[in-house]
Amino acid sequence: MATAYDYIIVGAGSAGCVLAHRLSADPTIRVLLLEAGGRDDSFLIHMPAGIARLITPEVNWLYETEPQAALHGRRLFWPRGKTLGGSSSINAMVYIRGQPQDYDHWRALGNPGWGYEDVLPYFRRAENNESVLDHWHGREGPLNVCERRYTNPLSRLFVEAAAASGLARNADFNGREQEGAGLYQVTQKAGRRCSAASAYLHPVAHRPNLTVLTGALARRIVLQGRRAVGVEYVRAAAAFEARAEREVLLAGGAINTPQLLLLSGIGPAEELRLLGLAVQHDLPGVGRNLQDHLDVHVIHACTQPVTLDPLARGFGAARTALRYALFKNGPGVSNVAEAGAFLRCAAHSPSPDVQLHFIPAYVVDHGRRRMPGYGMTLHVCCLRPASRGTIRLASADPAKAPRIDPAYLSEPSDLAPLIAAIRRAREIYAQAPLRGYLGDEVFPGAARRSDAQLADFVRGAAETEYHPVGTCRMGTDGEAVVDPALKVRGLEGLRVVDASIMPTLVSGNTNAPTIMIAEKAADLILGVAS
């Protein structure tokens with residue numbers, strides 16, 4: 001007989017941890033949280049600089065895309081978190097919310113309650129900002145936001161170089177104005193990563209009404225007529241069923257949530273039939289509207305041994321780890337992407353359309369390719385791409401990865417901002433503050449100057465910025481998957497609460513917005529918000 005709960009949450013990533021925390025605060029509400037990965041007990045998760053070594057199947061889904069026609073047919077590596085905390089346990093901890101216009105646009109698309117002034121209270125409720133307290137920030141939330149205990153000197157010089165190139169300095173990208181250059185605030189606490197699991201889940205794991213199961217792979221949503229009543233899952237090679245007396249809440253993210261809906265017969269009918277799956281609910285938008293920030297790097301050699309590179313190798317890595325273990329300071333506290341900027345590259349853009357992440361080290365192929373010597377990397381991405389892709393099933397087997405096709409650069413207009421951003425990055429590198437450290441341009445390489453040459457470089461080198469969203473889009477039209485209350489359209493007892501509900505990408509990193517979505521969803525579920 002299936003065990004009964006009030007709510008079943010599928011996925012213990014950023015959104016799932018928030019939901020578990022908020023819903024289980026009422027001791028009369030029984031909550032089950034299912035996570036396909038294991039516990040987040042790796043030292044490398046909690047030491048911020050350990051990010052470079054979290055590309056392992058124990059904590060990472062290690063996805064790959066379909067071959068990308070506009071990127072020379074390459075398959076791109078898509079790391080996603082597979083552990084408590086999800087991608088917040090393996091990301092670069094950069095705390096960015098996006099622009100107010102992003103959320104006002106959601107509201108204009110037919111989603112009342114999702115404008116900037118509507119969601120700002122949930123950003124504030126989530127946040128405990130150690131250094132900023134004003135209209136835009138919170139001081140009492142579970143998610144700790146702070147300045148790093150360590151910042152590489154090159155990151156500060158990058159900010160000076162960006163200012164010398166004409167950008168304003170900005171000490172708070174989440175306040176009055178996003179545009180400018182500065183050091184990123186991070187989701188850390190006392191020198192440790194502050195993942196969603198650390199912030200929301202672990203402090204309440206003792207609650208008797210909260211059950212957390214790791215190693216539990218959901219394989220189907222159980223429906224009775226038009227109502228979701230439970231979840232089938234596999235754990236330790238055995239199959240189980242849990243019953244939800246109120247709702248099933250999907251929080252698997254932009255890849256796993258549409259995958260589970262499709263496996264459950266919820267999605268485009270013809271696509272399901274081709275895989276031999278019974279159609280339970282024809283919902284054409286499931287798995288569509290996939291968006292991601294495409295990223296390309298501009299890398300210089302560094303002429304002085306001040307970068308993070310030697311600290312990731314041999315004796316340097318051991319010394320960094322020991323210092324961190326003993327004192328929780330030094331380079332082990334670095335989130336690697338220490339500084340950045342938001343700027344306008346497209347003519348007449350009303351707000352920043354490009355984001356930069358500066359890394360005082362060589363970072364090529366997600367850090368999987370080791371390069372000798374010392375380097376500095378400037379990642380650039382187009383904030384509001386027009387290209388749209390899909391998540392589709394490759395198999396009816398839930399253990400098989402889905403087909404991920406972001407369709408990068410399928411809209412030609414996405415290419416020009418990247419080319420312009422490469423040129424802008426070169427201008428910043430050339431400024432006086434960095435000049436004494438500047439070696440040869442390694443990528444794209446000084447010989448690549450024309451639009452055609454830079455376009456070819458983008459097609460051959462661009463990677464994901466780790467921000468997939470949109471595959472269970474919120475809205476009220478026929479292609480929308482969930483309504484503005486995040487209920488799956490046409491069904492009862494089923495909601496989606498994660499980055500897949502975003503109608504469009506936010507202008508920046510997606511972790512903070514995902515946590516905000518879950519904070520608001522908890523109120524919607526409990527009837528606190530309309």
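## Salt bridges, a helix crossing and three residue sites

The side chains of D523 and R125 form a salt bridge, with N and O 3.3 Å apart. This pair ties together distant parts of the chain: D523 sits in helix α13 (residues 511-526) and R125 in helix α4 (residues 116-126), 398 residues apart. The model is predicted. It holds 27 salt bridges in total. The points below take up some of these bridges, one helix pair and the surroundings of N335, R384 and T390.

**Salt bridges**

- Side chains of opposite charge can pair when their charged atoms come close.
- In the pair of D523 and R125, D523 is buried, at 10% relative accessible area. R125 is partly exposed, at 29%.
- D104 and R107 form another salt bridge, and their closest N and O atoms are 3.3 Å apart.
- Why can D104 and R107 be placed about one helical turn apart? They are 3 residues apart in helix α3 (residues 100-108), so about one helical turn separates them.
- D104 is partly exposed, with 30% relative accessibility. R107 is partly exposed as well, with a relative accessible area of 38%.
- R473 and D477 meet through their side chains in a salt bridge of 2.7 Å, N to O.
- Is R473 buried or exposed? R473 counts as buried because its relative accessibility is 17%, and the limit for buried is under 20%.
- Its partner D477 counts as partly exposed, at 31% relative accessibility.
- Shared partners also build a network: salt bridges join D6, R30, E245 and R246 into one.

**Helix α10 against helix α12**

- Helix α10 (residues 415-429) packs on helix α12 (residues 451-461) at an angle of about 105 degrees. The two axes are 10 Å apart.
- The two helices are therefore roughly perpendicular to each other, since angles of 65 to 115 degrees fall in that class.
- Which residues make the contact? From α10 they are L415, L418, I419, I422, R423 and R426. From α12 they are D451, L454, A455, F457, V458 and R459.
- By type, the residues of this contact are 8 nonpolar and 4 charged, with no polar ones.

**N335: a buried loop residue**

- N335 lies in the loop between α9 (314-327) and β17 (339-343).
- N335 is buried, and its relative accessible area is 0%.
- Its side chain makes a polar contact of 3.2 Å with the side chain of R148.
- What does N335 touch beyond four places away in sequence? The contacts are A92, M93, V94, R148, V186 and Q188.

**R384: a partly exposed loop residue**

- R384 is in the loop between β19 (375-382) and β20 (390-392).
- R384 is partly exposed, with a relative accessible area of 33%.
- Two polar contacts of the R384 side chain can be named. One reaches the backbone oxygen of P352 at 3.0 Å. Another joins the side chain of S507 at 2.8 Å.
- Setting aside residues up to four places away in sequence, R384 touches Q99, D102, S349, S351, P352, D353 and S507.
- How far apart are the C-alpha atoms of R384 and L505? They are separated by 6.4 Å, with the two positions 121 residues apart along the chain counted as their separation.

**T390: a buried strand residue**

- T390 lies in strand β20.
- T390 is buried, at 14% relative accessible area.
- The T390 side chain has a polar contact of 3.0 Å with the side chain of R392.
- Outside its neighbours within four places in sequence, T390 contacts G287, R288, L290, R403, I404 and D405.
- For one of these, I404, the C-alpha atom is 6.3 Å from that of T390, and the two residues are 14 residues apart along the chain.

Methods
Residues numbered from 1 in each chain as written. Predicted model: local features only at pLDDT ≥ 70, side-chain atom pairs only at ≥ 80, totals over all residues. Heavy atoms only, no water. Salt bridge = Lys/Arg side-chain N within 4 Å of Asp/Glu carboxyl O. Helix = DSSP H or I, 4+ residues; strand = E, 2+ residues; numbered from the N terminus. Buried < 20%, exposed > 50% of the residue type's maximum accessible area, 1.4 Å probe, protein only. Axes fitted to C-alpha atoms, helices over the stretch in contact; angles between N-to-C directions. Parallel < 35°, antiparallel > 145°, perpendicular 65-115°, else oblique. Contact = heavy atoms within 4.5 Å. Nonpolar A, V, L, I, M, F, W, Y, C, P; charged D, E, K, R; others polar. Polar contact = N/O pair within 3.5 Å; in protein donor to acceptor, adjacent residues only side chain to side chain.
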